[in-house]
Amino acid sequence: MRSAFSDAVIMLLVLVLLPPRGLAYDAQLDSHAIHEAYVLGQRNDKATGDFLAPYLSQITESQNGAHIAEIELLTPYAQIVDQSRQKTAGGYSEAQAAEDYKRHGNTVKVNIVIMLPTAYPKTEETSPAPPATGSEKRALRPENFWQNFKFTLKQHGKAIASRNISNQPIHSTATSNAPAVLDGESVWLEFDVKDIASEETVVEVLTPEAKVIKATFDLKKLH
């Protein structure tokens, strides 16, 4: 029979040989990690908030006009936690979380929230003009203001190309006295996990005024 001392030595050797936790973000998740992330999101409590806090950078730097309010970076694991957190009341199951990961889990996502200083100004009344063409209508949409910003993710000073970019307008809540208005824009960038090393990562946003806003995330310390 093995002694308690022998068991302790074996356990110590296992701990020494295993890679230390936190030296790399989890680019590939197994079923146990998916379960763990799902449960943490479903808790939707202080533990959930504390876990997600390092993935979000609130921008307090002074800016003119439309300004960057926050920059968020989500690893595959954090995406499951965040998605589960948002769907605690909707019957979101662990099987659905696993399926979502299967479809989208090979990405690192960056979310940049741009807020307008006030509601987007209404167009002043003018004399009737000829109808706008399709391309002109797209150019006139207020939601397009975010395209005046440039978004870059860098590691070791080298820019990494995103594989997809999307946007979602942020509107105020309509009331009986006022309709909903455009308050800002949420811009999402997606990167392939194969392109993102477990290193310090910098998200840069170049504003229309040529000001650079940065947020730094150390992927060696994130899950």
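Select G157 first: at a relative accessible area of 64%, G157 is exposed (exposed means over 50% relative accessible area, buried under 20%, partly exposed in between, with a 1.4 Å probe and protein chains only). The model is predicted, so local features need pLDDT of at least 70 and side-chain atom pairs count only at pLDDT 80 or more, while totals for chains, interfaces and linings use all residues. Residues are numbered from 1 along each chain as its sequence is written, and side-chain values use heavy atoms, with hydrogens and water left out.

**The loop between β4 and β5**

G157 sits in the loop that links β4 to β5. Helices (H or I, at least four residues) and strands (E, at least two) are DSSP runs, numbered from the N terminus. Now add V202 to the selection: G157 and V202 are 45 residues apart in sequence, and their C-alpha atoms are 8.4 Å apart in space.

Select H156 next, which belongs to the loop between β4 and β5. H156 has a positive phi of about 55 degrees, although it is not a glycine. Its relative accessibility is 72%, so H156 counts as exposed.

**The four-stranded sheet**

Show β4 (residues 150–155) together with β5; they pair in the antiparallel sense over three bridges. Two strands pair if DSSP finds at least two bridges between them. Within this pair, K154 is opposite A159 of β5.

Extend the view to the open sheet of four strands, whose order is β5-β4-β8-β9 with antiparallel pairing. Its edge strands are β5 (158–160) and β9 (212–218), each of which pairs on one side only. From one strand to the next, the twist averages 35 degrees.

**Strand β7 and its partners**

Select β7 (residues 182–192), where nine of the 11 residues are buried. Then add β3 (residues 107–115), which pairs with β7 in the antiparallel sense over nine bridges. Here V113 stands opposite S186 in β7.

Add β6 (residues 164–171) as well: eight bridges join β6 to β7, and the two run antiparallel. In this pairing N164 is opposite E190 of β7.

**Q63**

Go to the loop between β1 (56–58) and β2 (67–74), and select Q63. Q63 has a relative accessible area of 16% and is therefore buried. Leaving aside neighbours within four places in sequence, Q63 is in contact with I68 and I213 (contact means heavy atoms within 4.5 Å). For a distance across the chain, pick Q63 and E209: they are 146 residues apart in sequence and 9.3 Å apart in space, C-alpha to C-alpha.

**Helices α2 and α5**

Select α2 (residues 31–43) and α5 (residues 94–104), whose axes come within 10 Å and cross at roughly 120 degrees. Axes are lines fitted to C-alpha atoms, for helices over the stretch in contact, and angles run from 0 to 180 degrees between N-to-C directions. The two helices are therefore oblique to each other; under 35 degrees counts as roughly parallel, over 145 as roughly antiparallel, 65 to 115 as roughly perpendicular and the rest as oblique.

Which residues make the contact? I34, H35 and Y38 of α2 meet E94, A97, A98 and Y101 of α5.

**N44**

End at N44, in the loop between α2 and α3 (46–52). N44 is not a glycine, yet has a positive phi of about 50 degrees. Its relative accessibility of 40% means that N44 counts as partly exposed.
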